[in-house]
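Student: I am new to this structure and would like a close look at a single part of it. Could you take me through one region slowly, and then show me what else can be said about the chain?

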Amino acid sequence: MEKNHLIEELKLADLFSRLESDELHYLLAIAITRRLDSGDILFSAGDRAKGFYVLIEGKIKLSKISPDGKEYILRVVGSGQTFAEAAAFSGLTYPVFAESMSQCRLVYFDAGDFRNLIQKSPQLALNMIATMALLLQSLNQKIEDLSLREVGARLCRHLLSRARSQQGETKDGTTFQLETTKSALAASLGTISETLSRTFKKLQQRGIVEVDGSSVTLLDCSQLEEIADGDIKL
């Protein structure tokens with residue numbers, strides 16, 4: 001029963017969607033389940049990349065540390081998402097730190113074992129290509145945001161994206177939860193906590209959003225989108 005439940009959980013990941021039952025059972029044969037407490041380091045930048053992970057429950061941040069000790073969060077991994085695939089299949093090292101932001105349950109796949117499985121499953125190979133393409137698109141978007149957009153625009157884009165992912169819509173009155181602490185959100189947006197707090201305050205003063213702890217309510221989506229697109233400045 002437990003194995004069947006894990007199969008259903010793995011199917012939620014894009015990488016394993018559309019696989020046939022026998023392919024999923026082959027997958028389960030090479031899966032290793034792990035658990036982490038909040039604050040645990042799963043791997044560090046420079047560690048040899050021998051495999052990749054699927055997060056079943058919890059949140060994990062992928063970050064880099066600058067020479068002066070400043071943390072830059074590149075991605076927050078959520079339930080049902082895979083990570084470290086590119087590093088694992090390059091045969092090199094992990095380029096980032098992976099740290100749990102809560103209690104986590106995840107599944108590890110050895111790159112060699114997974115490569116053998118791909119040779120038997122054309123659908124899995126196609127899913128891998130699609131997953132890597134989406135990751136590349138996401139990283140390109142992040143680079144564009146950090147290099148071309150001001151903090152206000154970055155924050156507004158994040159809020160709109162978060163609302164869509166949680167509620168499936170962005171309309172006035174939509175309420176959702178931030179996925180991280182505000183300090184972690186600041187790091188992921190390439191800024192500092194003080195600047196993020198001032199930006200949130202400006203959005204509230206203009207009646208665009210309402211913030212209560214980690215809860216955010218969109219009050220004026222049209223203005224939010226104009227700021228996100230750079231049509232108006234905050």
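Tutor: What follows starts from one strand and its partners and then moves outward to other parts of the chain. Please keep in mind that this is a predicted model.

Let us begin with strand E8, which spans residues 104-110 and is mostly covered, since six of its seven residues are buried. Strand E1 (residues 31-36) is joined to E8 by six bridges, and these two strands run antiparallel. Within that pairing, Arg-35 has Arg-105 in E8 as its bridge partner. Strand E3 is likewise joined to E8 by six bridges, again in an antiparallel arrangement, and here Tyr-53 stands opposite Tyr-108 in E8.

Strand E3 covers residues 51-57 and includes Val-54. Is Val-54 buried or exposed? With a relative accessible area of 1%, Val-54 is buried, because that value falls under the 20% limit used for the word. Its C-alpha atom is separated by 5.1 Å from that of Val-107, although the two residues are 53 residues apart along the chain. Leaving aside residues up to four places away in sequence, Val-54 touches Leu-106, Val-107 and Phe-109, and its other contacts are Leu-10, Ala-13, Phe-16, Gln-81 and Thr-82.

Helix H1 (residues 2-10) contains Glu-9, a residue that is buried, with a relative accessible area of 13%. When residues up to four places away in sequence are not counted, Glu-9 touches Ile-56 and Arg-105, and Arg-105 is the residue already met as the bridge partner of Arg-35.

In helix H2 (residues 21-29), the buried residues are Glu-23, Leu-24, Leu-27 and Leu-28. Seen down the axis of H2, these buried residues fall within an arc of 145°, so they line one face of the helix. As background, an α-helix has 3.6 residues a turn, so residues three or four places apart point the same way.

Ala-84 deserves a pause, and is found in the loop between strand E6 (82-83) and helix H3 (85-90). Its phi is near 75°, a positive value in a residue other than glycine, and Ala-84 is buried, with a relative accessible area of 15%. In general, most residues other than glycine have a negative phi.

Next comes the largest pocket, in which about 1400 Å³ of space lies. It is lined by 39 residues, and those nearest its centre are Arg-75, Val-76, Gln-81, Ser-138 and Ser-161. Two or more lining residues come from each of strand E5 (71-77), helix H5 (122-148), H6 and helix H7 (182-188), and the largest share, nine residues, comes from H5. Gln-81, one of the residues nearest the pocket centre, is also among the contacts of Val-54.

Helix H6 (residues 151-167) leads to the last part, as it lies across E9, E10 and E11 and runs at about 95° to E9. These three strands form an open sheet in the order E9-E11-E10, with antiparallel pairing. Strand E9 (175-177) and strand E10 (209-212) stand at the edges, each with a single partner strand, so one side of each is left without a neighbour in the sheet. On average, neighbouring strands of this sheet are turned by 20° against each other, direction ignored. Four bridges join E10 to strand E11 (residues 215-218), and Val-211 stands opposite Val-216 in E11.

Terms used:
Residues are numbered from 1 along each chain as its sequence is written. This is a predicted model: local features need pLDDT of at least 70, side-chain atom pairs count only at pLDDT 80 or more; totals for chains, interfaces and linings use all residues. Side-chain values use heavy atoms; hydrogens and water are left out. Buried means under 20% relative accessible area, exposed over 50%, partly exposed in between (1.4 Å probe, protein chains only). Contact means heavy atoms within 4.5 Å. Two strands pair if DSSP finds at least two bridges between them. Axes are lines fitted to C-alpha atoms, for helices over the stretch in contact, and angles run from 0 to 180 degrees between N-to-C directions. The arc is that of the directions from the helix axis to the C-beta atoms. On a 1 Å grid over the protein atoms alone, a cavity is a set of points where a 1.4 Å probe fits but cannot get out, and a pocket is an open set with protein on both sides within 12 Å along at least five of seven lines; lining residues have an atom within 4 Å of a point. Grid points are joined across faces, edges and corners, and a volume is the space filled by probe spheres set on the points.
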